[in-house]
Amino acid sequence: SSIVLRAGGSVVNGELKSGLWRSEDGGNSWKLVTREIDFDGSGPTTLFGEVMVFYPQDPNLVVTGGETTGLFISREAGETWTNIALAGERITSMAFSPQPNKHSKAPTLVVGTFADSEFEALGLGEPVTPVEAPGRIYWLKLTNDKKPIKPSKVAELEDFGITNMVFDTQMNFVNLATTRGIYYTWGHGAMHARRKVGTSNDRLFTAIGARPSDKWSKFSCDEP
């Protein structure tokens, strides 16, 4: 069957009402599956935020992040959802590693978050539900042994936000487009740094891509 997921919301009497719907027939019919994940659908987080990603090696595994309620996971192609981490943070970008963890064989997920101060700095206004967390980068191993999933924090910077990311040819190497230039992490999140050659520092980048080139990748990025 063709599984499609969609999410949305609206502000009613000053309160955010949202939900996530699932279709098993390519979008001809829809079923509401949860209202636990907060989606706005019209505020500044529609540009940077409210993300959903399927795991390429297992289409039953999907993750999503709304306004502020954290990271949710489904192992049933979106039929049921569980909150696993990062409540109170504004998740704006996620990507799965092309290969699972070589030791545990668990899927590896990278998550980027966004400081609310960056929306105002970019002239986008305030989100409907404010948070006070800074911008952060996390790595997670999504094990399936029912143990709590603990995010590994790679970076934390004030006035900083992740807008996009892409894995390199080297599976433990991630390039990130941010509100403050291009960053990268490697060593499964053990380190992070800003790219200082060939890109503008302290500038907003919104798109990033990579293509294989010998043992490493050549990447491209775009700023508005």
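Visitor: Before we start, what does "partly exposed" mean here?
Guide: A residue is called buried under 20% relative accessible area and exposed over 50%, with partly exposed in between, and you should know that this is a predicted model.

Visitor: Okay, so where does E156 fall, buried, exposed or partly exposed?
Guide: E156 has 38% relative accessibility, and because that lies between the two cut-offs, E156 counts as partly exposed.

Visitor: Which residue does E156 form a salt bridge with?
Guide: Its partner is R136, and the closest N and O atoms of the two are 2.7 Å apart. E156 lies in strand β11 (residues 152–157) while R136 lies in strand β10, so the pair ties together parts that are 20 residues apart in sequence. R136, for its part, is buried, with a relative accessible area of 14%.

Visitor: And what other side chain does R136 meet in a salt bridge?
Guide: R136 also meets the side chain of E89, at 3.1 Å from N to O. That pair links distant parts of the chain, since E89 sits in the loop between β7 and β8, 47 residues apart from R136, and both R136 and E89 are buried.

Visitor: How many salt bridges are there by this rule?
Guide: The count comes to nine, and among them is the one between E67 and R90, whose closest N and O atoms are 3.5 Å apart.

Visitor: Switching topic, how are β1, β2 and β3 arranged?
Guide: They form an open sheet in the order β1-β2-β3, with antiparallel pairing, and the edge strands, β1 (4–12) and β3 (31–34), each pair on one side only. Between β1 and β2 (residues 15–23) there are nine bridges, and V12 stands opposite E15 in β2.

Notes:
Residues are numbered from 1 along each chain as its sequence is written. This is a predicted model: local features need pLDDT of at least 70, side-chain atom pairs count only at pLDDT 80 or more; totals for chains, interfaces and linings use all residues. Side-chain values use heavy atoms; hydrogens and water are left out. Two strands pair if DSSP finds at least two bridges between them. Helices (H or I, at least four residues) and strands (E, at least two) are DSSP runs, numbered from the N terminus. A salt bridge is a side-chain nitrogen of Lys or Arg within 4 Å of a carboxyl oxygen of Asp or Glu. Buried means under 20% relative accessible area, exposed over 50%, partly exposed in between (1.4 Å probe, protein chains only).
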